[in-house]
Amino acid sequence: MATPDESPSAKRWLPLEANPDVMNQFLWGLGLPVEEAECNDVFGLDEELLAMVPQPVLAVLFLYPITSQTEEERILQDNEKSESSNKVYFMKQTVGNACGTIGLLHAVGNITSEIKLSEGSFLDRFFKSTANMDPSERAAFLENDREMEVAHSVAATAGETEASENVDTHFICFTCVDEQLYELDGRRSGPISHGASSPSTLLQDTAKVIQGVIQKNPESLNFNVIAISKKS
């Protein structure tokens, strides 16, 4: 999806498919060890289906359609000051259609204490290089990173549907930091807090927020939820 910070000459990537297999290969290839974590489909938001998702859940990715309703909501929330922990890893999105990759970076960037990245791998180097940058500097760093651009391109063409630059959906990430549930969206001005949460209730707390988005957009069908779970 195009971004508010995107200039007419900005880079545009092909979008990632909401496919756990594609995302797993992408992350594993960038330095998330296979034995550490993996992406899994969340097939529904009721308790029985949530209970089927492998635990513990470290982060949740949510793909939703861009509508006038969701855009109004985003602008409204951006105008409200939202305090966030300085431990939250957040970056802006300046590359078109990069929301899937940024969602994954938001997920991994906020769980580095829970997982061990391969030493010297792309993800290890990326987070060490951007640790002290602000959200805009991280965006510029990503935009100029050829290695990530190539890796994203490979992943974007590995899905089951034909890749196209023209999409009207958007990925965001939910994660728990300092006992707060945060929504991380590179199109926003910063992290959005959705109140108290915990690692053990992250999936259920996120499901409630997602249900609210779906209820406000009853005519839209293009929703997808993917959990990143730690392997035991």
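These legends describe several close-up views of one predicted model.

**View 1. The open sheet of 6 strands.**
The strands of this open sheet pair antiparallel and follow the order 1-6-2-3-4-5. Strand 1 (37-41) and strand 5 (192-196) are the edge strands, and each of them pairs on one side only. From one strand to the next, the twist averages 20°.

**View 2. Strand 2 and its two partners.**
Strand 2 covers residues 57-65, and 6 bridges join this strand to strand 3 (residues 169-177). The two strands run antiparallel. One of the paired positions is Leu 63 in strand 2, whose bridge partner in strand 3 is Phe 171. Strand 2 is also joined to strand 6 by 6 bridges, and here too the strands run antiparallel. Phe 62 stands opposite Val 225, a residue of strand 6. A residue is called buried when its relative accessible area is under 20%. By that cut-off, 9 of the 9 residues of strand 2 are buried, so the strand is largely enclosed by the rest of the structure.

**View 3. The cis peptide bond before strand 2.**
Pro 56 sits in the loop between helix 2 (47-50) and strand 2. The peptide bond that leads from Gln 55 to Pro 56 is cis, and its omega is near -5°. Most peptide bonds are trans.

**View 4. Helix 1 against the sheet.**
Helix 1 is made of residues 20-30. The strands that helix 1 lies across are strand 1, strand 2, strand 3 and strand 6 (224-230). Its direction is at about 165° to strand 1.

**View 5. Helix 4 against the sheet.**
Helix 4 (residues 99-109) lies across strand 1, strand 2, strand 3, strand 4 (180-184) and strand 6. Helix 4 runs at about 5° to strand 3. The helix is mostly covered, with 11 of its 11 residues buried. Among the buried residues of helix 4 are Cys 99, Thr 101, Leu 104, Leu 105, Ala 107 and Val 108. In an α-helix there are 3.6 residues a turn, so residues three or four places apart point the same way.

**View 6. The cavity beside helix 4 and strand 3.**
The structure holds 1 cavity of 30 Å³ or more. The space in the largest cavity is about 30 Å³. Both helix 4 and strand 3 supply at least two residues of its lining. Helix 4 gives the most to this lining, with 4 residues. The lining includes Cys 99, Ile 102, Gly 103 and His 106, and also His 170, Phe 171 and Ile 172. Leu 184, Asp 185 and Gly 186 are among the other lining residues, as is Gln 93. Sorted by class, the residues that line the largest cavity are 5 nonpolar, 5 polar and 1 charged.

**View 7. The largest pocket.**
This pocket has a volume of about 360 Å³. It is lined by 18 residues, and the closest to its centre are Asn 110, Ile 111, Ser 113, Glu 114 and Cys 176. The elements that give two or more residues to the lining are strand 2 and strand 3. Strand 3 gives the most, with 3 residues. The lining of the largest pocket has 8 nonpolar, 5 polar and 5 charged residues.

**View 8. Asn 97, a loop residue with a positive phi.**
Asn 97 lies in the loop between helix 3 (68-79) and helix 4. Its phi is positive, at about 65°, although Asn 97 is not a glycine. Most residues other than glycine have a negative phi. Is Asn 97 buried or exposed? Its relative accessibility is 0%, so Asn 97 counts as buried. Asn 97 and Phe 223 are 126 residues apart in sequence, while their C-alpha atoms are 17 Å apart in space.

**View 9. Asp 178, in the loop after strand 3.**
Asp 178 is found in the loop between strand 3 and strand 4. Its phi is near 50°, which is a positive value in a residue other than glycine. Asp 178 counts as partly exposed because its relative accessibility is 43%. The partly exposed class lies between the cut-offs of 20% and 50%.

Conventions: Residues are numbered from 1 along each chain as its sequence is written. This is a predicted model: local features need pLDDT of at least 70, side-chain atom pairs count only at pLDDT 80 or more; totals for chains, interfaces and linings use all residues. Side-chain values use heavy atoms; hydrogens and water are left out. Two strands pair if DSSP finds at least two bridges between them. Axes are lines fitted to C-alpha atoms, for helices over the stretch in contact, and angles run from 0 to 180 degrees between N-to-C directions. Contact means heavy atoms within 4.5 Å. On a 1 Å grid over the protein atoms alone, a cavity is a set of points where a 1.4 Å probe fits but cannot get out, and a pocket is an open set with protein on both sides within 12 Å along at least five of seven lines; lining residues have an atom within 4 Å of a point. Grid points are joined across faces, edges and corners, and a volume is the space filled by probe spheres set on the points. Ala, Val, Leu, Ile, Met, Phe, Trp, Tyr, Cys and Pro count as nonpolar, Asp, Glu, Lys and Arg as charged, and the others, Gly among them, as polar. Buried means under 20% relative accessible area, exposed over 50%, partly exposed in between (1.4 Å probe, protein chains only).
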